[in-house]
Structures are given as C-alpha cells and as structure tokens.
Amino acid sequence: MPNVRNGLAGRDLLDLGAMDLAEMEEALQHRGHPRFHARQIYSWIHSKGVTDFERMTDLSRALRADLPGQFRISTPKVVQRETSTDGTTKFLLELEDGRRIESVFIPDTPAQTFCVSTQVGCAMKCGFCLTGKMGLLRNLDAGEIAGQVRVLAGALDLRDSRFNIVLMGMGEPLHNYDNTMKALRILNDTHGLAVSPKRVTLSTVGVLPALERLATEPLMPNLAISLHATTEDQREALVPVNRKYGLKEILDAARKFPLKRRSRITFEYVLLNGVNDTPEDAKRLVGLLGKIRCKVNLIPLNEAAGIAFERPADARVNRFAEILAKGGATVSVRKSRGRDIRAACGQLIVEGNQKSPAQRAAGLL
Ligand code: SAH
C-alpha cells in the first residue's frame with residue numbers, strides 16, 4: 001500500500017497553511033532558512049492562492065527544492081459545488097484525513113459573504129439544526145478554518161474583492177476557541193487576505209467561559225448570540241447547552257460585552273411555528289433585551305427532514321417582528337438563502353462515509 005504510507009508520511013510534515021506569520025518565521029528559521037521568506041510564502045499561500053512551492057517564483061531555486069521535504073500546505077479540496085437559484089453556492093470540501101465539511105458563499109447581502117465551518121459536525125445538538133444530528137466528529141484546525149475562505153475566494157475569483165465572513169457554518173466556534181481565533185489572525189494578516197475583524201461575525205450558542213474570553217481579544221469579530229427562547233425551560237428544550245450556560249447568564253455576559261462605538265450585539269432567534277413565536281414570546285423578548293445595545297435577527301426555521309419543527313407562516317413572522325419593533329428593538333428577518341440546495345442556516349450536514357481515504361484504501365471500514 002505505497003499510497004497509504006506516502007499519505008501518512010506527508011501529513012507528518014509541518015503544515016504552513018495552519019501557521020500565523022510569526023509561527024511561519026519561527027518554523028523557517030528552525031529549518032535553517034532566513035525568516036523573511038515567511039512573508040513571501042505567506043503571501044503566496046493566502047493572498048495569491050498558490051500552494052505549489054515550485055510556483056513561488058520569488059524564492060530561490062534551492063529553497064523551492066528544500067521546502068517540499070520539510071513542509072506541506074494543507075488545503076481543503078472542493079469535491080462538490082452546487083449553486084442555488086438565488087446564486088448561493090454550497091461547497092463540499094474534503095480535508096486531509098478524508099473528513100468532509102460544507103462552506104457556503106452568499107452573494108450580494110449586499111456584500112459578498114462566506115459562511116465558514118469551525119468543526120466537523122457539532123456537539124450542541126440544538127433541536128432544530130441538522131448539523132447537530134452529526135454529533136461532533138472533530139475540531140477544525142486554524143488552517144482548515146482559514147483555508148475555507150482561501151479556497152472559496154480562489155474558486156470564485158474573489159480574492160481581491162471585499163467580502164464578509166460569518167462563522168455560521170457547521171460547528172460552534174466558541175467550542176473550538178483557539179483554532180477559531182487563530183484562523184481570524186491568519187485571515188487578518190496584511191500579507192494574506194487582510195480581512196478586518198469588522199468584516200467577521202462570530203455566531204455562538206453562548207459558551208460562557210469562551211464568551212468572557214472573547215471580550216478580551218485584540219482581534220474582536222462582531223458577535224451574534226443564538227438566543228431562540230425567552231425562558232430557561234424553553235431554551236433548555238431547544239438548546240441543550242442552556243443547562244450549563246443559562247439564558248440569564250448569557251444575557252448578563254452580553255450586557256457586559258465591550259462594544260465599539262456604534263456596534264451592537266446581534267441576537268439570533270429562530271422562529272418555530274407554535275413553539276417560540278407567540279406574541280407573549282415577543283413581549284418577553286423585548287423585556288429581556290432591555291438595556292443591551294443589540295439588534296434582533298429573526299430566522300424563520302429552514303425545514304428539513306428529521307427536524308420536528310415547522311416554519312411559521314409569514315404573517316406570524318411579521319407579527320412577531322412588529323411587537324419587537326413597537327417595543328423599541330431593532331429587528332430584521334433573515335432572508336433564507338440557498339434553501340433549494342440545503343445550504344441555508346441549519347441545513348448543513350455531511351452524511352455517509354466519514355472515513356479517511358487511507359482507512360478506505362486499507363479496508364479498515
Ligand atoms: N453554532 C453557532 C452557529 C450556528 S449557524 C450558533 O449556534 O450560533 C447560525 C444560526 O442558524 C444559529 O443561530 C442557529 O441556531 C441557526 N439555525 C440552526 N438551524 C436552523 C434551521 N434549521 N433554520 C434556521 N436557523 C437555524
């Protein structure tokens with residue numbers, strides 16, 4: 001099985017794609033190369049999308065020849081690409097170990113937006129979300145998170161455009177804190193894609209200790225908190241992690257969260273017909289959000305087989321939004337994008353074979 005053995009040996013090489021610039025400088029120096037080459041390589045990988053050392057033409061021939069024996073650049077591979085009637089494009093990406101994730105490109109919202117995954121699957125098991133059905137298979141590393149943007153921007157020829165990133169794909173970003181923050185650093189570097197944290201929104205179910213840590217980050221993304229309910233009991237039923245980090249504590253943390261001038265926290269609220277979408281729910285929500293500088297983003301459920309809830313009729317959604325607005329809240333209703341290709345919120349799931357190609361080849365299924 002020569003291929004299997006080569007594959008594993010390849011993965012032992014250090015991955016430059018998962019390093020921030022400082023780490024890349026260290027790694028090069030450690031292998032006896034001048035540190036300044038890191039900037040060149042970083043720019044090839046992240047800004048120009050070149051991962052073949054041979055094509056990094058401003059490096060000396062000798063260095064280009066050395067690098068492949070010392071390093072690799074792990075890059076998610078596009079295995080499938082589907083475009084919705086509304087232009088939303090869903091990418092199925094395969095990672096080095098054969099695990100698969102989905103990432104979504106949403107055009108004109110009004111900006112261009114990449115919706116990126118932070119984990120393979122998710123441990124949170126929110127009752128209305130398909131990704132939760134997979135359970136958590138593993139965390140993505142920083143290179144795999146940043147790599148989704150690198151690969152999608154390359155595939156769509158958007159590397160030189162301005163775009164936003166939402167960490168709203170598969171997974172709970174604050175359940176994979178260090179890798180997520182490192183990915184934001186990699187994406188932010190001016191030698192790479194130079195994405196400002198102002199253009200990034202991190203959506204979380206509210207993992208409390210991580211939320212408190214986020215409040216101290218130098219590179220702070222916009223924050224969206226998935227609320228979905230107005231009482232502890234109701235939230236516990238929909239978002240199981242509420243047993244550990246309750247609604248009240250999350251709202252307290254939100255109240256204390258340091259916000260830059262004019263920025264606000266977004267509260268996401270999925271509307272489930274007859275469950276959390278009554279006028280009483282809306283009034284309670286107004287009360288809960290009281291003094292928090294925030295806006296509410298209502299998400300009418302995207303239905304899917306295996307999800308035991310229904311999407312409310314537009315009239316119910318509008319009535320809910322109106323009560324919030326009358327109560328003084330800023331409210332928007334999220335337009336569902338890419339539903340026809342199962343690319344909308346809560347519809348990302350990778351089914352079937354999640355074994356690595358090496359395992360497949362070796363018959364270890
Ligand atoms: N783990 C993060 C990111 C999840 S995806 C979080 O919980 O915030 C972004 C949003 O889509 C979340 O608010 C999530 O609760 C919501 N969502 C999940 N399933 C959905 C569905 N079927 N329909 C509509 N929104 C859904």
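This briefing walks through the ligand site, the cavity and the salt bridges of the structure above. Keep in mind that the model is predicted. The protein buries 96% of the 540 Å² that the ligand exposes when taken alone. Elsewhere, there is 1 cavity of 30 Å³ or more, and the salt bridges come to 17.

**Around the ligand**

- The shell around the ligand counts 17 residues, and the ones that come nearest are Phe128, Ser203, Ser226, His228 and Asn302.
- By type, that shell splits into 8 nonpolar, 7 polar and 2 charged residues.
- Thr204 brings in its backbone: one of its N or O atoms sits 3.3 Å from an oxygen atom of the ligand.
- Glu268 uses its side chain instead, with a polar atom 3.5 Å from an oxygen atom of the ligand.
- For Cys345 it's the backbone again, where an N or O atom lies 3.4 Å from a nitrogen atom of the ligand.
- As for burial, 96% of the ligand's 540 Å² is covered by the protein.
- Two or more residues of the shell come from each of strand S10 (200-204) and strand S12 (265-271).

**The cavity**

- With 1 cavity of 30 Å³ or more in the structure, the one to look at is the largest, at about 50 Å³.
- Its lining is made up of Asp15, Ser74, Thr75, Pro76, Leu95, Glu96, Asp141, Gly143 and Glu144.
- Sort those lining residues by type and you get 4 charged, 3 polar and 2 nonpolar.

**Salt bridges**

- Side chains of opposite charge can pair up when their charged atoms come close.
- The structure has 17 salt bridges, and one of them joins Arg64 to Glu54, with 3.4 Å between the closest N and O atoms.
- Arg64 belongs to helix H4 (residues 61-70), while Glu54 is in the loop between helix H3 (37-47) and H4, so this pair ties together parts that are 10 residues apart in sequence.

Methods:
Residues are numbered from 1 along each chain as its sequence is written. This is a predicted model: local features need pLDDT of at least 70, side-chain atom pairs count only at pLDDT 80 or more; totals for chains, interfaces and linings use all residues. Side-chain values use heavy atoms; hydrogens and water are left out. On a 1 Å grid over the protein atoms alone, a cavity is a set of points where a 1.4 Å probe fits but cannot get out, and a pocket is an open set with protein on both sides within 12 Å along at least five of seven lines; lining residues have an atom within 4 Å of a point. Grid points are joined across faces, edges and corners, and a volume is the space filled by probe spheres set on the points. Ala, Val, Leu, Ile, Met, Phe, Trp, Tyr, Cys and Pro count as nonpolar, Asp, Glu, Lys and Arg as charged, and the others, Gly among them, as polar. A residue is near a molecule or strand if one of its heavy atoms lies within 4 Å of it. A polar contact is a pair of N or O atoms within 3.5 Å; within protein, one must be able to donate a hydrogen and the other to accept it, and residues adjacent in sequence count only if both atoms are side-chain atoms. Accessible areas come from the Shrake-Rupley method with a 1.4 Å probe; for residues, only the protein chains shown count as cover. Helices (H or I, at least four residues) and strands (E, at least two) are DSSP runs, numbered from the N terminus. A salt bridge is a side-chain nitrogen of Lys or Arg within 4 Å of a carboxyl oxygen of Asp or Glu.
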